[in-house]
Amino acid sequence: MLALAEPPAQAALAPVRVDVRGLSKSFALHGRRIDAVEDVSFTVRQGEFVSLLGPSGSGKSTVLNMIATLLAPTGGSILIDGKAVVPGRTTPQVGYVYQKDTLFPWRTVADNIGYGLELAGLSKAERHERVARAVARVGLTGFEAAYPASLSGGMRQRASLMRTLVREPEILLMDEPFGALDTHTKLDMHDVLLKIWEREKQTVLFVTHDLGEALTLSDRIILFSARPGRIKDCFEVPFPRPRDGVAMRETPEYAALFSRIWHALGEEFKKARKS
Amino acid sequence: MSRPLSTLAWQVAIVAVLLALWQWAWSLKPYAPWAVPDLFDPYFVSRPSEIFEQFLRLSCLQPKPGELAMPGGTAFSACTARYENNLWFATFVTLRNTFFGFLTGVTSGVVLGLLLGRSPRLAEIASPFVTAVNSIPRIALAPIIILAFGIGDASKIATSWIVVVFLVFFNTFEGARSVDPDYVNASRLLGASEWQITRTVIIPSTMAWVFASLTPAVSFALIGVIVGEFIGAEFGIGRLIIESEARGEAAGMMVAVFVLMIVGIALSAGIQRMQSYLLRWQPRHQGR
């Protein structure tokens with residue numbers, strides 16, 4: 001199992017950025033112990049795009065939140081760039097994108113995107129320049145002064161993505177960031193994200209329950225089992241880059257890999273429904 | 001006729017009928033005692049014409065009967081220079097004390113609310129005291145406050161403060177406790193320190209709750225000052241009411257009540273404008 005969760009040979013030379021070892025997490029719920037994550041180990045190397053795929057309740061988001069230091073693990077360890085993370089103390093090189101819209105409603109789009117830079121104490125001029133570039137990259141030009149409440153879901157998620165990316169994090173944790181969007185907007189966001197990633201090659205850990213999304217974006221898919229969350233399997237996604245999210249879905253290789261993972265995933269969805 | 005215009009016509013008609021009843025209904029009492037309730041007795045409610053005359057007198061527009069004084073004229077200036085029976089000065093004193101009561105009440109309410117709202121430990125310790133003090137009808141403390149602070153402005157500000165502070169405190173407290181933890185986490189993950197989180201997330205997101213309390217708070221502030229003035233004051237609208245009452249002058253009381261109504265309307269309109277500017281990010285305030 002552990003061997004499967006290792007990156008492919010050609011990436012093996014890149015340094016390990018995220019190293020998760022024997023991670024587990026249990027909660028107490030109404031006096032009962034719930035094991036959410038059990039003995040999860042994997043590594044992510046520099047510049048890799050890795051998806052954590054599984055049914056809801058499989059603990060994949062819990063794993064991500066522990067890496068983000070939002071949750072404390074019950075067992076095991078997490079190393080980022082060789083250093084153990086401390087729950088509650090954020091790691092500066094890590095950026096996090098939520099599924100839920102967490103743009104600050106009292107700030108304009110530009111002020112939301114520039115928020116992290118403001119915290120870091122950048123000058124107004126520098127902030128302005130970097131925000132303008134970020135806004136242009138995701139097609140939000142003209143909406144800088146708008147408040148989030150007046151934007152569509154897709155636009156909000158673009159702004160949200162740029163709020164994280166404008167700080168240029170080297171490691172990006174994404175928790176079903178496009179889960180709340182309609183199919184069309186979602187495909188659109190895949191292209192936006194792929195364009196950015198193919199240029200900047202952040203190390204990405206992407207949580208999703210959407211197999212198509214995982215295949216479109218990732219180098220590697222780590223499949224989680226239904227609760228308690230364990231790593232069930234691991235798949236290479238060898239499609240060439242740059243990728244076209246829509247065109248690649250029409251190739252026979254895509255169909256073959258899709259059906260292979262689909263069956264493995266299907267079993268877990270069935271288990272998740274039963275419990 | 002457009003709808004708003006017909007609405008306005010109805011409103012004007014209602015006011016006209018009420019004023020007419022108020023003015024003339026009592027004159028019909030000898031002819032039809034069963035048709036005119038005692039409510040219209042001018043001894044208690046005066047008459048619009050008398051109220052208007054009393055207004056002209058108290059506002060120095062007609063210091064002596066039959067003699068109109070123009071604002072800026074010598075008669076007017078001489079009258080407004082007095083402290084006694086001067087509507088302008090009374091209004092000024094009441095407004096000033098309301099303002100300070102409101103300001104101190106809101107500031108301390110917000111600070112206390114943020115403090116207890118963000119510190120579960122402090123909130124736990126303070127909880128029984130807050131409940132106890134909150135159970136006292138604040139107005140009951142007014143005589144004690146007058147005793148302690150004297151009949152000057154300080155006691156009016158203190159009475160006003162004590163009625164405002166709890167209202168604002170409870171709203172701020174609820175607001176600070178209900179800040180979406182995802183905003184706090186998002187901010188932390190974007191590199192915010194605890195103080196930065198407070199300044200850029202907790203305070204702005206609590207402000208919507210604080211503002212919801214400001215319109216009632218300004219009315220409360222005014223109530224606090226008026227009650228303080230009832231119990232013991234040298235000047236102010238409340239004092240004017242008590243004086244008129246002592247002299248059995250319903251018209252004087254009515255003038256004061258109308259001034260309070262106008263002041264109340266102006267204050268809440270001001271708060272509402274400030275609110276829709278500062279909360280312009282909320283959907284319901286957009287496009288205004």
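The expected span of a helix is 1.5 Å times one less than its number of residues. Keep that in mind for helix α4 of chain A, residues 124-137, in this predicted model. With 14 residues, α4(A) should span 20 Å, and its end C-alpha atoms are indeed 20 Å apart, so the two agree. Below is a quick look at that helix, and then at where chains A and B meet.

**The two sides of α4(A)**

- Four residues of α4(A) are buried: A:Arg127, A:Val131, A:Ala134 and A:Val135.
- These buried residues sit on the same side of α4(A), because they cover an arc of only 100° around the axis.
- As background, an α-helix has 3.6 residues a turn, so residues three or four places apart point the same way.
- Flip to the other side of α4(A) and you find A:Ala125, A:Glu126, A:Glu129, A:Arg133 and A:Ala136, which are exposed.

**Neighbours and the end of the helix**

- What do the buried residues of α4(A) pack against? Their partners in chain A are α2 (109-113), α3 (115-119) and α5 (153-165).
- Just after α4(A) comes A:Gly139, with a positive phi of about 65°.

**Where chain B touches chain A**

- The contact draws 19 residues from chain A and 15 residues from chain B.
- On the chain B side, α9 (181-189) and α10 (194-231) each chip in at least two residues.
- α9(B) gives the largest share of that side, with six residues.
- Sorted by class, the side of chain B that touches chain A has eight nonpolar, five polar and two charged residues.

Notes
Residues are numbered from 1 along each chain as its sequence is written. Chains are lettered from A and ligands numbered from 1 in the order in which they are written. This is a predicted model: local features need pLDDT of at least 70, side-chain atom pairs count only at pLDDT 80 or more; totals for chains, interfaces and linings use all residues. A residue is buried if 20 or more other C-beta atoms lie within 10 Å of its own, exposed if 12 or fewer, and partly exposed in between; C-beta atoms are placed from the backbone. The arc is that of the directions from the helix axis to the C-beta atoms. Two residues are in contact if their C-beta atoms, placed from the backbone, lie within 7 Å. Ala, Val, Leu, Ile, Met, Phe, Trp, Tyr, Cys and Pro count as nonpolar, Asp, Glu, Lys and Arg as charged, and the others, Gly among them, as polar.
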